[in-house]
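Here's a protein model to look over with you, going from one spot to the next. Keep the structure open and turn it as you read.

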Amino acid sequence: MAWSIELAVLVWTGARTNSNGLIYAALAVSFLVLARLDSVDAWMYVASTSYDLLGTARFLTFLIAAAALWASAWWVKTGWQALAFYLGGHYVMLWGLGLEALGSVGRNASTENMVSAESAAISVLVACYAVLLVGAGVAYNFALNRILGLGLIGLVIAKLYLYDVWLLVRIYRIVAFGALGALLLLTSYVYSRNRASIENWWNERNARP
């Protein structure tokens with residue numbers, strides 16, 4: 001958490017003083033944050049029998065790291081550094097949510113269905129996150145969110161057809177495909193409802209010199 005706050009402070013200071021050195025220092029600290037999350041924080045509660053879903057120190061750590069990265073992207077605003085911070089924030093948030101989903105499944109699913117339940121939970125989680133990204137991209141006219149959301153939906157579809165359809169127990173396969181179908185219908189509805197605004201944005205973008 002301290003490193004996450006430190007990288008946000010470095011970026012804020014660098015943006016205020018136009019110091020690229022501080023921005024690069026913040027990028028270095030972000031790698032330390034990711035390494036710490038992977039080596040230590042992600043393994044909290046593995047042997048624990050119970051914990052509060054989304055109310056753990058682990059999820060709070062991931063949430064603060066994601067918020068720090070998103071804030072850094074907001075302060076930098078443009079360039080590859082802003083893109084790196086923004087994508088990093090979504091990566092960390094999805095990672096943290098995935099750990100919480102796996103933790104919940106691991107404490108509720110039967111042993112013989114554990115692999116199926118975990119795989120289905122990840123598929124549904126990523127699909128829901130993707131639809132939220134698409135919705136936010138449409139609502140705020142932000143193309144990157146729409147692209148990220150559609151990319152995640154593509155990954156989920158590939159996972160379902162290349163992995164889940166062959167290995168999941170029937171009930172979990174039905175749940176995964178049913179949830180994906182419903183979310184795809186919701187995404188299609190959002191796009192059709194906002195088709196005019198999306199087309200206007202696209203035409204304005206192509207009209208720029």
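**A walk through the model**

Leaving aside residues up to four places away in sequence, Asp41 touches Arg36, Arg58, Thr61 and Phe62. This is a predicted model, by the way. You'll find Asp41 in the loop between helix 2 (20-39) and helix 3. Loop or not, Asp41 is buried, because its relative accessible area is 5% and the cut-off for buried is under 20%.

Now slide back along the chain to another loop, the one between helix 1 (2-17) and helix 2, where Asn18 sits. Is Asn18 buried or exposed? Asn18 is exposed, with 72% relative accessible area. Its backbone deserves a look too: Asn18 isn't a glycine, yet its phi is positive, about 55 degrees. Most residues other than glycine have a negative phi.

Lys77 does something along those lines, with a positive phi of about 75 degrees although it is not a glycine either. Look for Lys77 in the loop between helix 3 and helix 4. At a relative accessible area of 57%, Lys77 counts as exposed.

Stay around Lys77, which also belongs to the lining of the largest pocket, along with Trp70, Ala73, Trp74, Thr78, Gly79, Ala82, Leu83, Tyr86, Phe142 and Leu144. The space in that pocket comes to about 370 Å³. Which helices supply at least two residues each of the lining? Those are helix 3 (57-76) and helix 4 (79-106), and helix 4 gives the largest share, with four residues. As for the chemistry, the lining has eight nonpolar residues, two polar ones and one charged.

Follow helix 4 onward and you get to its packing with helix 5. The two helices pack at an angle of about 145 degrees, and their axes are 9 Å apart. The crossing of helix 4 past helix 5 is right-handed. On the helix 4 side, the contact is made by His90, Met93, Leu94, Leu97, Gly98, Ala101, Leu102, Val105 and Gly106. Helix 5 answers with Met114, Ala117, Glu118, Ala121, Ile122, Leu125, Val126, Tyr129 and Leu133. Sort the residues of this contact by type and you get 14 nonpolar, three polar and one charged.

Let's finish on Met114, in helix 5 (residues 114-139). Met114 and Leu102 are twelve residues apart along the chain, and their C-alpha atoms are separated by 9.6 Å. Met114 has a relative accessible area of 19%, so it counts as buried, the cut-off being under 20%.

Conventions. Residues numbered from 1 in each chain as written. Predicted model: local features only at pLDDT ≥ 70, side-chain atom pairs only at ≥ 80, totals over all residues. Heavy atoms only, no water. 1 Å grid on protein atoms, 1.4 Å probe; cavity = no way out; pocket = protein on both sides within 12 Å on 5 of 7 lines; lining within 4 Å. Points joined across faces, edges and corners; volume = space filled by probe spheres on them. Nonpolar A, V, L, I, M, F, W, Y, C, P; charged D, E, K, R; others polar. Buried < 20%, exposed > 50% of the residue type's maximum accessible area, 1.4 Å probe, protein only. Axes fitted to C-alpha atoms, helices over the stretch in contact; angles between N-to-C directions. Left-handed = near helix turned anticlockwise from the far one by under 90°. Contact = heavy atoms within 4.5 Å.
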